[in-house]
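Student: I should like a close look at one part of this model, set within the rest of the chain. Please give one connected account.

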Amino acid sequence: MLKPEPSFLLSLSQLPCGAASACLPAWQVRACLDPVDEMQKMAELLGLRDECGEGTSGTPALAGSCLADNRLNLDVYPDGCRRFLQLFKEQQREVVQVEFLRLSSNDCLLDTTLGSLPHLKHLKSLVLKGGHARDEFGSCQQGSLTNLPPDFGKLRCLTHLDLSFNRLSTLPSCILHLPSLRVLLVSHNSLVTLPEDFGCLSKLTFFSAMKNQLKNLPQSIGELSMLQDLDLSENALELLPEEVGNLHNCTDLDLSGNRLSSIPDSLANLKSLRRLHLHSNLLVTVPASLASLPNLSRLDLQNNCLRAIPAEIQALPFVHVRGNPLGEAEPSPQAEKSSTRRLQRLFLASGEGSFTVTSEGCRVVLACGIHFYFPPGAASDPLRIYFRSLTPDPQWVKLRHHDVLLSRVLELQPHGVQFQQEVQIWMPYISPQTPHQHEVVVRTFSRQSWSDLRTRVKQKRKSKKCVAHCCVLHFSWFLVVSRLVQNECRVPAEGTLLFSSVDPNIKVIFPPGVTKEPRSVKLQVLPVSAEEIQEITASAGCRASPLLYLSQDSTVDFLKPVRIQLPLPPGVTGLNLDRSRLHILHGDLEGQTWNDITSEVVLEFTHLYAVFEVTHFSWYWLWYTTKTYIGGIARKVYERLRLYQVNFIALQRKKDPEQVLLQCVPKHKVDPVLKKLQDRYRGPEPSDMVEMFEGEQFFAAFERGISIDMDRPDCVDGRLSFIFYSHLKNMKEIYVTSPVDRKGQAVKGQVSFYRGAVPDSIPEDASRRRKGPDSLWLATLPIKLPQLKPRWDENPSPLYGFSFPPLNLGNAETGYLTQANLLSIARRVGADWQSIGLNLGLTYQQIERIGYNNREDLNKQILDMLFSWAQQNSEDPDCVSKLITAMKESGRQDIADEVEAIIELGRQKYSESIRRVGLEQESSTEDSAIAMM
């Protein structure tokens, strides 16, 4: 993880609307296009507060905070449209001058707001994205935008338009009347086709329509002569028009995730093409002429139906062909009917993506280890499958008592689609600590509730990783949990016997006539050792049997008593039994109330067992003690059995102390974790031991002069949110900063951990203890930020070991770029410095040398790249225009705009200077006379 400068973070908030995503390369745009969570904290970072300084309307504060220069970023607010309408009403003269505007299309006042936008005649960039809101399961909600008013065509200055994550089924016709439009994003909509005259957008350089339902393209698409980036991935395209070959300036073309069986030969005319993505289609052939493309550096043909590839293409070092049946013979009609024929195999990255399943079926392998098997006939028609891996959220991932989460959440879409045959899923998981008492199952969400699937588990021989396997007919959310071993049976009217596989001495006997209609009964057992009871109760005289939990699928009590056999507590036999000390406890479903029902049942004893009869099911527990208030003791023990003993660690990276690692570690894992981290991190000893429930929320807060250096969606009221899961990594690595001046001294701060809201399901006693001013505090660990050395942008010589002569790139008429200008640009460059360097004309060898010489230091890499280029081109009068072009080609329109602004300022100063000395041809006689005086 690389640390961006704080000022760079602030400048991102003021970029031209959408520039941070719209002008990235296609592969990066897909990542940036994904919707973000609502970022209330960002509003504070940018100073966009709702409090008003004076007056009653709050207008001064609203104007000062929202309207910054010519930019208006309101998508960080849930009521951004209301704020815009208020500003438009009260400060219309300032608002109509806005050039960059961002609004959320999840806003309920969007339709009202749209009517005012055509008045913004100077608008250059407009973002109306959805996806800012999420449903209860964490899925992004599409925006409400379905069309645009006709007057939008009057926005003559608009160059950038982002309508992603909305409900557009057709492209609004007014878009075709935007003469200056260069960047258009309509990804994650429901577009089926594009207008026939789409090619009239002659200035378009970037177009993304990924994740729509496009089935064909208009022939006029070939008229987009200036188009450089075209992303049509994850649609339903079956054919491409020959006119696509007329896109002579196209450098990036993404057609992955469609239904293409062939591509036109005209693609060989795209002489500027650098990257061509064709993976996850149905291609059976590709033209050999693609090998002649002079600038091609990546050709992705993975996961298609290619049985042969032209030798010219196969010899290319940058071609990717994994997941194709290369070398296999064409199947005969008889082989087609055979169920043993080889299926298509797809290899995809983890995290989020999609693929197409046809009636022939396929196997899909994700890099994280998840596998899918779609048998032939599972889908009657081609079906687009979407997958993503989610961090579990306790608000909707409901764990039962004694459950342990073993995996992340896998979401498969479309939800509710019924397959013709069962689809098989393999999910890797972390092996639980108590395999005998627990069993591993895949849990899925269906019909507003979670249910467990029939699961088979196995351990891979080579990797020793555990995998859970299940079969489903529908798609939803899936996760792997460890639950108490569950034995179940169907109870008929004739009666039956059910016993525990964990402890065969525990039996439930159903006599004949116990029920009229058959019903399903489940049995779970939680063994409790004598040592645990003694440690928790601090009494050697307390002993207890295993915990028994019984449930059924009927709300009606049994017609006859059901006999339950429990083993006597350890050390107790029928020979030494003191009946006055033996108690049968009945617990409610949450285990918060335990009632002594000894006097209400008939107890029978053998040498090893106690037998009693009940008519309804819940928790049952056999205790042997001299204590009188046994219910309270049982509640305390039951609560402690669900708690985990944990320690907190806070470590700082040795090479970058502003990078802090926070982790909540179960007590028995602390030493192994610290041993793994000790080479790269240093820090204080772990915190004292505390206890937490599975799925409990806690927060980390930096205090005493240290704060979080970036806005994060998991930051709530300045605190970093965590969810504790005993078998998952409860770890986050973040960058911190300090408002204290560190040039003269180090900052000695701290990080404190606090509990979140008290979970609903924890026992009443625990809830009562966690109330009060200090009851939420868990631990505090010291954090020290060392004294700062002079920063590279504050001392122009030398820089990180570099010493450069003064620079003046360009010429007097067009303006110069100085060393200070390059330093400013360097702070805007990130991990994409390599692609920028290549587009500037540096060789691969130079890029590799720069990366190696400055390894582990991103700032040095960026500076070395920029100043190496500057020195090589210092005598070139057109070097500035080449820099602007390179930034645009690298997807960094934001930097290109900044350079153009610097140059424009230089031109103005140059014009003013020659006017003052009477050299301008159009200068008046009066001006010349004044200049001569």
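Student: What is the relative accessible area of Pro-428, and does that value make this residue buried, partly exposed or exposed?

Tutor: Pro-428 has a relative accessible area of 25% and is therefore partly exposed (buried is under 20%, exposed over 50%, partly exposed in between, with a 1.4 Å probe and protein chains only). The model is predicted, so local features need pLDDT of at least 70 and side-chain atom pairs count only at pLDDT 80 or more, while totals for chains, interfaces and linings use all residues. Residues are numbered from 1 along each chain as its sequence is written, and side-chain values rest on heavy atoms, without hydrogens or water.

Pro-428 belongs to strand 20, residues 423-429 (strands are DSSP runs of E with at least two residues, helices are runs of H or I with at least four, and both are numbered from the N terminus). Apart from neighbours within four places in sequence, Pro-428 is in contact with Cys-368, Gly-369, Ile-370, Ser-407, Cys-466 and Val-467 (contact means heavy atoms within 4.5 Å). His-371 lies 57 residues from Pro-428 in sequence, yet their C-alpha atoms are 9.0 Å apart in space.

The sheet around Pro-428 comes next. Strand 20 is one of 6 strands in an open sheet with the order 13-15-16-20-24-23 and mixed pairing (two strands pair if DSSP finds at least two bridges between them). Strand 13 (344-348) and strand 23 (456-459) are the edge strands; each has a single partner, so one side of each is left without a neighbour in the sheet. On average, neighbouring strands here are turned by 15 degrees against each other, direction ignored. Strand 16, residues 371-374, runs antiparallel to strand 20, and 3 bridges link the two. Within this pairing, Phe-372 has Ile-425 of strand 20 as its bridge partner. The loop leading from strand 19 (409-413) to strand 20 contains Pro-414, and the peptide bond from Gln-413 to Pro-414 is cis, with omega near 5 degrees.

Elsewhere in the chain, a second open sheet has 5 strands in the order 44-45-42-47-48, with antiparallel pairing. Strand 44 (715-716) and strand 48 (777-785) each have a single partner strand, so each is left with one side lacking a neighbour in the sheet. Strand 44 and strand 45 (residues 719-724) are joined in the antiparallel sense by 2 bridges, and Cys-715 has Leu-720 in strand 45 as its bridge partner.

Some details concern strand 10 (275-277), strand 11 (298-300) and the loops that follow them. His-277 is part of strand 10 and counts as buried because its relative accessibility is 9%. Not counting residues up to four places away in sequence, His-277 touches Leu-253, Asp-254, Leu-255, Ser-256, Arg-298 and Asp-300. Ser-280 sits in the loop between strand 10 and strand 11; its phi is near 60 degrees, a positive value in a residue other than glycine, and its relative accessible area of 5% makes Ser-280 buried. Asn-303, in the loop between strand 11 and helix 9 (311-314), likewise has a positive phi, near 55 degrees. Asn-303 is buried at a relative accessible area of 2%.

Two helical regions complete the picture. Helix 16 (residues 833-840) and helix 17 (residues 844-853) pack at about 145 degrees, with axes 9 Å apart (axes are lines fitted to C-alpha atoms, for helices over the stretch in contact, and angles run from 0 to 180 degrees between N-to-C directions). Trp-833, Gln-834, Gly-837 and Leu-838 of helix 16 meet Tyr-844, Ile-847, Ile-850 and Gly-851 of helix 17. In helix 19 (residues 879-889), the buried residues include Cys-879, Val-880, Leu-883, Ile-884, Ala-886 and Met-887. These residues span an arc of only 160 degrees around the axis, which puts them on the same side of helix 19 (the arc is that of the directions from the helix axis to the C-beta atoms). Gly-891, just after helix 19, has a positive phi of about 80 degrees.

For the chain overall, there are 21 helices and 50 strands. Of its 933 residues, 52% are buried. Among contacts between residues at least 6 apart in sequence, 62% join residues at least 24 apart.
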